[in-house]
Amino acid sequence: MNIHIMACRRHKSLVCLSVCLAVWAWSVSVSAAAVKGETGVGELSVSEIEEQLQECPLVQALSEHKVATNPATSTLTSQIFAFLFPGSPAVNALLATLYISGPPNFLLALCPPNIDPSSLSIMVAFAVGGLLGDTLFHLLPEIFLGEDEHDKVKFVMVEPNKNLLLGVAIMVGFVTFVAMDKSLRIATGGEGGHDHSHSYSHEKVEPAAKASGALLNGSKDTIRSRKQANGAAATGNKGEKDVEKEISASVKLGGYLNLIADFTHNITDGLAMSSSFYASPTIGATTTVAVFFHEIPHEVGDFALLIQSGFSKRAAMSAQFVTALGALLGTCIGIAIQEYGGNSASADIQGPGLFGTSLRWGDMLLPFTAGTFLYVGTVAVIPELLETGPEKGKELWKTLTQFAAMFVGAGIMLVISWS
């Protein structure tokens, strides 16, 4: 009997000990989870959060469904892009800069010196469609939502302050070009900024010889009249040379200011190359196509302006080659910012970002580029496309062809995005 009672007491003691151990283990696990939730989650980077989300069974099932319903296909455009851009983001950005700067400058050798910039309106409209298409179909979705991946689903973590900073960067890019254009208009006396029309006013001043000729006809003394005519003609020719010299200096100043603006503009193109390729290969390739479409009429228009400013064909080509180095400089600056400033996708960068958000300095280049593209595609070019002449039928046909060219340029960007 006593043995049975002792066994029961020992059994009850073991049960109580087991319950105590279980409660203690549960409390420790809860405390650890709470500590981890308080300190660990807030320190995770965006890439680390994405990695842990991909371990969720539901997310894995969604990724498998996405791959099954959308099998990967290698399109012709993707093969071409893979061939043209086979390296790292930095290498691809440098290659893209060579693509957008080299061929347009070599094409200048085929352009006649007396080319009219207004004849490029169809090509300019095509370039506008490409720039706006790249901005609206590629850059802005990439800026706010990120790049899609074929083999897995992705989730967007909404940060209101992050979106505000991205919007500020877009506005800074837009206002930067407004300030540059305004400064050039002030420097040239309000005769126009760095646009595609290059519509500087080169009005000829009528010489004073006509007035002297009228005095000559009214004179009765032939000898005296000849002396007066010769003196008046000499005075008129001198005045005409002075006026031409003054106009030439003004036009020459406009040509040099345009070179400065072109150099600055090419720097932003280089920044666009670097920021887009560090965002994703697809964004980089499509941005390269859009900038290339834009550079051809841009370079030809600047070439025509330099010829009008008194440059020889060889000197104008040399000047355009020098300004093309601005794109290489901008690309190198962008690569340095991306490599040393980092971006939100960098897994090796810890700590808070700009103003407490997940953004890094490298993330601000792409929205800045979008702002510059919006300015170039609208304010800098649309006024030229809105210009009309007195012949209604001719202008209507010209307008239809411009809109068609614009839709073709935007359509190319849409097709690339869709595939």
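A residue is buried when its relative accessible area is under 20%, exposed when that area is over 50%, and partly exposed in between (1.4 Å probe, protein chains only). The structure is a predicted model, in which local features need pLDDT of at least 70 and side-chain atom pairs count only at pLDDT 80 or more, while totals for chains, interfaces and linings use all residues. Residues are numbered from 1 along each chain as its sequence is written, and side-chain values use heavy atoms, with hydrogens and water left out.

**Exercise 1. The fold in outline**

State how many helices and strands the protein chain contains, and characterise its burial, surface and contacts.

Solution. Step 1: helices (H or I, at least four residues) and strands (E, at least two) are DSSP runs, numbered from the N terminus. On this basis the protein chain has 14 helices and zero strands, and its pattern along the sequence reads α-α-α-α-α-α-α-α-α-α-α-α-α-α.

Step 2: the protein chain has 419 residues, of which 39% count as buried. Accessible areas come from the Shrake-Rupley method with a 1.4 Å probe, and for residues only the protein chains shown count as cover. The protein chain exposes about 24000 Å², and carbon and sulfur atoms supply 68% of this area.

Step 3: a contact means heavy atoms within 4.5 Å. Among contacts between residues at least 6 apart in sequence, 79% join residues at least 24 apart.

**Exercise 2. Charge pairing and cysteines**

Find how many salt bridges the whole structure holds, and describe the setting of the residues involved.

Solution. Step 1: the criterion is a side-chain nitrogen of Lys or Arg within 4 Å of a carboxyl oxygen of Asp or Glu. Side chains of opposite charge can pair when their charged atoms come close. The search of the whole structure returns one salt bridge, in which the side chains of Arg185 and Asp181 meet at 3.3 Å, N to O.

Step 2: Arg185 and Asp181 are separated by about one helical turn, because they stand four residues apart in helix α7 (residues 160-187).

Step 3: Asp181 is buried at a relative accessible area of 6%, whereas Arg185 is partly exposed at 33%.

Step 4: as a companion search, disulfides are sought as pairs of cysteine sulfur atoms within 2.5 Å. The whole structure yields zero disulfides. Among the cysteines, Cys111 is buried at 11% relative accessible area, and Cys332 is partly exposed at 41%.

**Exercise 3. Aromatic pairs around Tyr375**

Identify which rings pair with Tyr375, and give the geometry of each pair.

Solution. Step 1: rings of Phe, Tyr and Trp (its six-membered ring) pair if their centres lie within 6.5 Å; planes under 30 degrees apart count as stacked, over 60 as edge-to-face and the rest as tilted. The structure holds six aromatic pairs.

Step 2: one of them joins Phe174 and Tyr375, edge-to-face, with 5.5 Å centre to centre and 80° between the planes. This pair links distant parts of the chain, since Phe174 belongs to helix α7 and Tyr375 to helix α12 (residues 365-377), 201 residues apart. Phe174 is partly exposed at 27% relative accessibility, while Tyr375 is buried at 5%.

Step 3: Phe177 also pairs with Tyr375; the ring centres are 5.9 Å apart and the planes stand at 65°, so this pair is edge-to-face. Phe177 lies in helix α7 and Tyr375 in helix α12, so the pair ties together parts 198 residues apart in sequence. Both Phe177 and Tyr375 are buried.

Step 4: elsewhere, ring pairs link Phe85, Tyr99 and Phe277 into a cluster.

**Exercise 4. Two sides of helix α11**

Determine which helix gives the most residues to the nonpolar surface patch, and whether Phe321 and Thr323 are buried or exposed.

Solution. Step 1: patches are made of residues with over 30% relative accessible area and no salt bridge, like charges being joined within 9 Å and nonpolar side chains (Val, Leu, Ile, Met, Phe, Trp, Tyr) within 5 Å. The nonpolar patch consists of Leu94, Phe321, Val322, Leu325 and Leu328, with about 430 Å² of accessible area together. Helix α11 (residues 313-341) gives the most, with four residues.

Step 2: Phe321 is in helix α11 and is exposed, at 52% relative accessibility.

Step 3: Thr323 also lies in helix α11, yet Thr323 is buried, at 4%. Leaving aside residues up to four places away in sequence, Thr323 touches Leu259, Asp262, Phe263 and Asn266. Thr323 and Phe263 are 60 residues apart in sequence but 4.5 Å apart in space, C-alpha to C-alpha.
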